[in-house]
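Biologist: Please take one part of this model and go through it closely. I would like to know how it sits among its neighbours.

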Amino acid sequence: MISVTILAKNSSETLKETINALKPFSEVLVFDTGSEDRTKEIAKSFPNVRLIEGDFIGFGKTHNLASSNAKHEWILSIDSDEVVSEELANEILSLKLDKDCVYTLDRHNYFNGKRMKWCSGWYPDPVVRLYHRESTKFTDDDVHEKVISDHLKVIALRGALLHTPYRSMESFLAKMQLYSTLFAKQNKGKKSSSLGKALLHGCSAFFKNYFLKRGIFGGKEGFIISLYNAHTTYYKYLKLAELSYDQSRHD
């Protein structure tokens, strides 16, 4: 048996579609970290959903907390803006699962209704999301967390995981703020930064995304995502520089 876990906060715009695709699974555990919209109401409306509320303690640790509350040992971790395709659901449920393996899902990322086949982090985008919780877990990283798979066999599944991470410019900015802050806190004392380094990293990110990762062929969407990735990188290192400066003043 497989438990599906979902982290959610103010996810009412996407959660219904996400859970609708999970009807074949006996348990869907929604771990809510402080929603103020209809997220909890939507979750409670599905008979196979169990709602748990708790604090957000970084993405990795919160994923592991959700996993520890699941009824079953096999965990399928899905984000609240992702949809398991029917093909993928059938493929997962027909697997002969092996504790010594983890399974990658082929994530298809969409923006403005277009599947993005360009830009870093957008294509290709295989993600390890199906695992046995006695064999592995997510890293404890606050951001850019992943399932630890170094000691396990990785098996790629064919079905698509449909992902629409940004539905408005507001969501772009909100995630940029969150991810850059978490990156700075996570790397405080581990990496050095400055205004110059932030500018360099930001410019390099745009060049990588727009030219090396072929965002230039993605039209308007490719340009917007390349700029977004560049801005996020710039603010990650700028916030890190600010935290490092504040720390040095108090040392």
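Modeller: What follows starts with one strand and its partners, then moves to aromatic rings and to one loop residue. The model is a predicted one.

Strand 2 covers residues 27-32, and six of its six residues are buried, so this strand is largely enclosed by the rest of the structure. In a regular strand, side chains alternate between the two faces of the sheet. Here Glu27, Leu29 and Phe31 point one way, while Val28, Val30 and Asp32 point the other way. Both sets are buried, the charged residues Glu27 and Asp32 included.

Strand 2 has a parallel partner in strand 1 (residues 2-8), to which it is joined by six bridges. Within this pairing, Val4 has Val28 as its bridge partner. The connection between the two strands involves helix 1 (residues 15-20), and strand 1, helix 1 and strand 2 together make a right-handed β-α-β unit.

Strand 3 (residues 49-53) also runs parallel to strand 2, and five bridges join the two. Asp32 of strand 2 stands opposite Glu53 in strand 3. A right-handed β-α-β unit is found here as well, made of strand 2, helix 2 (residues 39-44) and strand 3.

Next, the aromatic rings. The model holds 16 aromatic pairs. One of them is Phe56 with Phe59: the ring centres are 4.9 Å apart and the planes are at 75 degrees, and because an angle over 60 counts as edge-to-face, this pair is given that name. Phe56 has 33% relative accessibility and so counts as partly exposed. Phe59, at 16%, is buried, because the limit for that class is under 20%. Elsewhere, Phe111, Trp122, Tyr166, Phe172 and Tyr228 form one aromatic cluster. Tyr166 of this cluster also has the charged end of Lys175 over its ring, 5.1 Å from the ring centre. Similarly, the charged end of Lys236 sits over the ring of Phe183, 4.5 Å from its centre.

Phe59 leads on to the loop residue. Asp141 touches Phe59, and also Gly60 and Gln186, leaving aside residues up to four places away in sequence. Asp141 lies in the loop between strand 8 (126-132) and strand 9 (153-163). With a relative accessible area of 28%, Asp141 is partly exposed. Its side chain makes a polar contact of 3.1 Å with the side chain of Thr139. The C-alpha atoms of Asp141 and Asn187 are separated by 10.0 Å, and these two residues are 46 residues apart along the chain.

How values were computed
Residues numbered from 1 in each chain as written. Predicted model: local features only at pLDDT ≥ 70, side-chain atom pairs only at ≥ 80, totals over all residues. Heavy atoms only, no water. Buried < 20%, exposed > 50% of the residue type's maximum accessible area, 1.4 Å probe, protein only. Helix = DSSP H or I, 4+ residues; strand = E, 2+ residues; numbered from the N terminus. Pairing = 2+ DSSP bridges. Right-handed = clockwise from strand over helix to strand, strands pointing away. Phe/Tyr/Trp six-rings, centres within 6.5 Å; stacked < 30°, edge-to-face > 60°. Lys NZ or Arg CZ within 6 Å of the ring centre and 35° of its normal. Contact = heavy atoms within 4.5 Å. Polar contact = N/O pair within 3.5 Å; in protein donor to acceptor, adjacent residues only side chain to side chain.
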